[in-house]
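I opened this entry to keep track of what I looked up, item by item. The notes follow the order in which I checked things.

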Amino acid sequence: MSERIVKVTRDQIESAKLLIRLRGGEDKVDPDIVLIANAQRRQRPGPAEPVTP
């Protein structure tokens, strides 16, 4: 499966998780809802290394 990057908010992730729980499992909802519920946080770049001549 190819990797897709889609921006979702924390509220959307929490709502997707709640919907899955209310419906009775991941197999009872649209696969896109499952993807949203299992979204991972984006890795933020760390502080840049100082450039030394």
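**Pocket lining**

I sorted the lining of the largest pocket by class and got 10 charged, eight nonpolar and four polar residues. I note here that I am working from a predicted model. The volume of this largest pocket comes to about 1,100 Å³. I then looked up which residues sit closest to the pocket's centre: of the 22 that line the pocket, these are Arg4, Val6, Val8, Ala39 and Gln40. For the elements, I found that helix 1 and helix 2 each give two or more residues to the lining. Helix 1 gives the most, with four residues.

**Whole chain**

I went back to the chain as a whole. I counted two helices and zero strands in the protein chain. The chain has 53 residues, and buried ones make up 13% of them. I put the accessible surface of the chain at about 5,400 Å². Carbon and sulfur atoms account for 53% of that surface.

**Core**

Which residues make up the largest nonpolar core? I listed five: Ala16, Ile20, Val29, Val34 and Ala37. Helix 1, residues 10–23, and helix 2, residues 31–37, are the elements that give two or more residues to this core. As background, I noted that nonpolar side chains in soluble globular proteins tend to be buried together.

I took Ala16 from the core list and checked its contacts, leaving aside neighbours within four places in sequence. Ala16 is in contact with Ile33, Ile36 and Ala37. Ala37 is itself on the core list.

**Segment before helix 1**

I looked at two residues here, Ile5 and Thr9. Is Ile5 buried or exposed? Ile5 has a relative accessible area of 79%, so I entered it as exposed, the cut-off for that being over 50%. For Thr9 I found a relative accessible area of 43%. That value lies between the 20% and 50% limits, so I entered Thr9 as partly exposed.

I also checked each of the two against a residue further along the chain. Ile5 and Ala39 are 34 residues apart along the chain, and I get 9.7 Å between their C-alpha atoms. Ala39 was already in my notes as one of the residues closest to the pocket centre. Thr9 and Arg41 are 32 residues apart in sequence, with a C-alpha to C-alpha distance of 10.0 Å.

How values were computed: Residues are numbered from 1 along each chain as its sequence is written. This is a predicted model: local features need pLDDT of at least 70, side-chain atom pairs count only at pLDDT 80 or more; totals for chains, interfaces and linings use all residues. Side-chain values use heavy atoms; hydrogens and water are left out. A nonpolar core is a set of buried Ala, Val, Leu, Ile, Met, Phe, Trp, Tyr and Cys residues joined through side-chain atoms within 4.5 Å. Buried means under 20% relative accessible area, exposed over 50%, partly exposed in between (1.4 Å probe, protein chains only). Contact means heavy atoms within 4.5 Å. On a 1 Å grid over the protein atoms alone, a cavity is a set of points where a 1.4 Å probe fits but cannot get out, and a pocket is an open set with protein on both sides within 12 Å along at least five of seven lines; lining residues have an atom within 4 Å of a point. Grid points are joined across faces, edges and corners, and a volume is the space filled by probe spheres set on the points. Ala, Val, Leu, Ile, Met, Phe, Trp, Tyr, Cys and Pro count as nonpolar, Asp, Glu, Lys and Arg as charged, and the others, Gly among them, as polar. Accessible areas come from the Shrake-Rupley method with a 1.4 Å probe; for residues, only the protein chains shown count as cover.
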